[in-house]
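Student: I would like to take a close look at one single part of this structure, a pair of neighbouring strands, and then follow how the rest is arranged around that part. Could you walk me through it slowly?

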Amino acid sequence: MKLPKSLFQKPENPLEWYDSHIKNSMPDIPDQMCISCAKCKAILLTGDLNENARVCPKCGYHFRMNARQRIGLITDNDSFKEMNGNMRSKNIIGFPNYDKKLWHARLASGENEAVVCGTAKIGGYSCCLFVMESNFMMGSMGTVVGEKITRLFEYATKHSLPVIGFTVSGGARMQEGILSLMQMAKTSAAVKRHSDGGNLYTAVLTDPTTGGVTASFAMEADVIIAEPGALIGFAGPRVIEQNMHQKLPPNFQTAEFLLEKGFVDDIVPRKQQKEYLTRLLSLHQRRPEHGSV
Amino acid sequence: MEAYERVAASRAKGRPTGLCYIQNIFTDFMEMHGDRRFGDDAAIVSGIARLYEMPVTVIAQEKGSTTKDKVRRNFGSAHPEGYRKALRQMKLAEKFGRPVICFVDTAGAFCGISAEERGEGQSIAENLMEMMALKTPIISIFIGEGGSGGALGLAVADEVWMLENAYYSVISPEGCASILWKDSSKVKEASQALRLTADDLLQFHAIERVIPEPKDFSDFSDVYESIKAGLYKSLQQKLSEDETELLQKRYGRFRKFGADTYITVKQNTTNHVN
């Protein structure tokens, strides 16, 4: 007897899909007790790992971290005030299956879009902050990501505030076609105006930062630092391997490689970033224009 | 014509390349080589020329004609030094008050070890930022392929024009098909989905003008004539504009993309800072 093929297919129930696929790949699931380090293979308790800023206590490998965890780690207690958190993308160019993809991305990340923006204090210093979210379509930049970042820079320019930005992105979001490519130019325009206003912009490149984000605001900062081991590049390593028909050198496109080639100012481990950023902000406090403080 | 047919036409053998436009539209072209930092990238040709009597800076991505020439020019896929050479010429244009004309024709910026080592991403990013504030008019014309960031690196302009069969896309149709459907043969579907034709882009206000093409590559004289006349008229008008106004308009040209195409939801996200 021939059985119908559909018998073995999973029902199109997104919640079921969520359970089996996304939950397992999410970095911070309370019911997942243990996690194995991708570098030293040590078995770590998820709780311990989170306590340690998601850095492997054995070898220092930096696990990916979601945007809210990062904001908690970097900003002063209760100082973060989110801006434009209620913006969601829609399927502007009618791209196949994009609506469904957005829906899954929101479930997987708990965020409305792939970047969280707002104002905060770091070590007592006020700044504007954006943190990209890898669990939302690998931090890809669509119109809403571009718009939120642009608005943040415009706000920072208006109020003469420094901007700190954590990047993690696979690049421009192809599901929004040319409009996502235009976000590269739009964000760059806002960065330029912020820069011409004499304001500090610091980018922290985290794993992975590639494509259209590397070719726009990630590489336009006054100070660019990177997390140890982060993959940073324009073209993805697989694309290059296919294109060149050759094996890539072992440290190719890592933060360390970029430091050697002169494209980042320094590599700063996650647990030292708050102190680093505090010092940097302190050194860039703008002198009052009239008289003394 | 279907989207993919246009993509195929934009890559067709015998299609005029960047240098053809330079030779047929301008006089007195003097090529200027090198980025003064690393080398000279033959994938991008740049220099000074005249448009009628008007001195202009011309920058073109050049795919090459013969096989040997194509290899030398890396098939029009520029390295960082290409973008840096272009920027150097643009800065000179700004200094001497010349308008800038860019001809875009690239499958994309080069994807390879050498390009990554020298900062492909950084060089494009710098162009985007600096072109946005360049105090002289810029017009970019897409004459063939407009592949992603590699095209945008010469297309932060006051106006973008496109030939009828050129395309401009965030990712190549092949790349899109292989990521989305894990099947690079689905280029037709991908070309359709990406909305990359001149007509689509006109609808999105991503370009200002579509230039009609003849059926045959052997006679592009009407195309050259219409570009020449169009450029002269537009540039004269832009040169008479106030600098601040020009830059404000350029900012606005890009600021509008995605400024009101989102949904506002009542509730904020469910997550909170731990």
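Tutor: Let us begin with strands E6 and E7 of chain A, which pair in the parallel sense over four bridges. One of the residues to look for is A:Val131, whose bridge partner in E7(A) is A:Phe166. Please keep in mind that this is a predicted model.

Stay with E7(A) for a moment and look at its surroundings. Seven of the seven residues of E7(A) are buried, so this strand is largely enclosed by the rest of the structure. In a regular strand the side chains alternate between the two faces of the sheet. You can follow this along E7(A), where A:Val163, A:Gly165, A:Thr167 and A:Ser169 point one way, while A:Ile164, A:Phe166 and A:Val168 point the other way, and all of them are buried. The bridge partner of A:Val131, A:Phe166, therefore belongs to the group that points the same way as A:Ile164 and A:Val168.

Now widen the view to the sheet that holds this pair. It is an open sheet of seven strands in chain A, with the order E3-E5-E6-E7-E8-E9-E10 and mixed pairing. Strand E3 (81-83) and strand E10 (266-267) of chain A stand at the edges, and because each has a single partner strand, one side of each is left without a neighbour in the sheet. At the E3(A) edge, three bridges join E3(A) to strand E5 (residues 115-122) of chain A, and these two strands run antiparallel. Within that pairing, A:Glu82 stands opposite A:Gly118 in E5(A). Helix H3 (residues 67-74) of chain A packs on the sheet, where it touches E5, strand E6 (125-132) and strand E7 (163-169) of chain A, and its direction makes about 160° with that of E6(A).

Around this sheet, chain A as a whole has ten helices and ten strands. Buried residues make up 48% of its 293 residues. If you take the contacts in chain A between residues at least 6 apart in sequence, 69% of them join residues at least 24 apart.

A residue in another setting is A:Glu256, which lies in helix H9 (residues 255-261) of chain A. With 16 C-beta neighbours inside 10 Å, A:Glu256 counts as partly exposed. Not counting residues up to four places away in sequence, A:Glu256 touches A:Asn251 and A:Ile267. From A:Glu256 to A:Arg68 there are 188 residues in sequence and 26 Å in space, taken from C-alpha to C-alpha.

The next step is to see where chain A meets chain B. The contact takes 57 residues from chain A and 50 residues from chain B. On the side of chain A that touches chain B, H3, strand E4 (87-89), helix H5 (143-158), helix H6 (177-196), helix H7 (211-214) and helix H8 (237-244) of chain A each supply at least two residues. H6(A) gives the most to this side, with 14 residues. By type, the residues of the side of chain A that touches chain B divide into 28 nonpolar, 19 polar and ten charged. Strand pairing also crosses from one chain to the other, for three bridges join E4(A) to strand E8 (residues 262-264) of chain B, and the two run antiparallel. Here the bridge partner of A:Met87 in E8(B) is B:Thr264.

Chain B, in turn, has an open sheet of seven strands with the order E1-E2-E3-E4-E5-E6-E7 and mixed pairing. Its edge strands are strand E1 (27-31) and strand E7 (209-211) of chain B, each of which pairs on one side only. On average, neighbouring strands of this sheet are turned by 25° against each other, direction ignored. Inside the sheet, four bridges join strand E3 (residues 54-61) of chain B to strand E4 (residues 100-106) of chain B, and these strands run parallel. One residue to find there is B:Val58, whose bridge partner in E4(B) is B:Ile101.

Finally, look at two helices of chain B. Helix H2 (residues 18-25) and helix H11 (residues 221-239) of chain B pack at an angle of about 65°, with their axes 10 Å apart. H2(B) and H11(B) are therefore roughly perpendicular to each other.

Technical notes. Residues numbered from 1 in each chain as written. Chains lettered and ligands numbered in written order. Predicted model: local features only at pLDDT ≥ 70, side-chain atom pairs only at ≥ 80, totals over all residues. Pairing = 2+ DSSP bridges. Axes fitted to C-alpha atoms, helices over the stretch in contact; angles between N-to-C directions. Contact = placed C-beta atoms within 7 Å. Nonpolar A, V, L, I, M, F, W, Y, C, P; charged D, E, K, R; others polar. Buried ≥ 20, exposed ≤ 12 C-beta atoms within 10 Å, placed from the backbone. Parallel < 35°, antiparallel > 145°, perpendicular 65-115°, else oblique.
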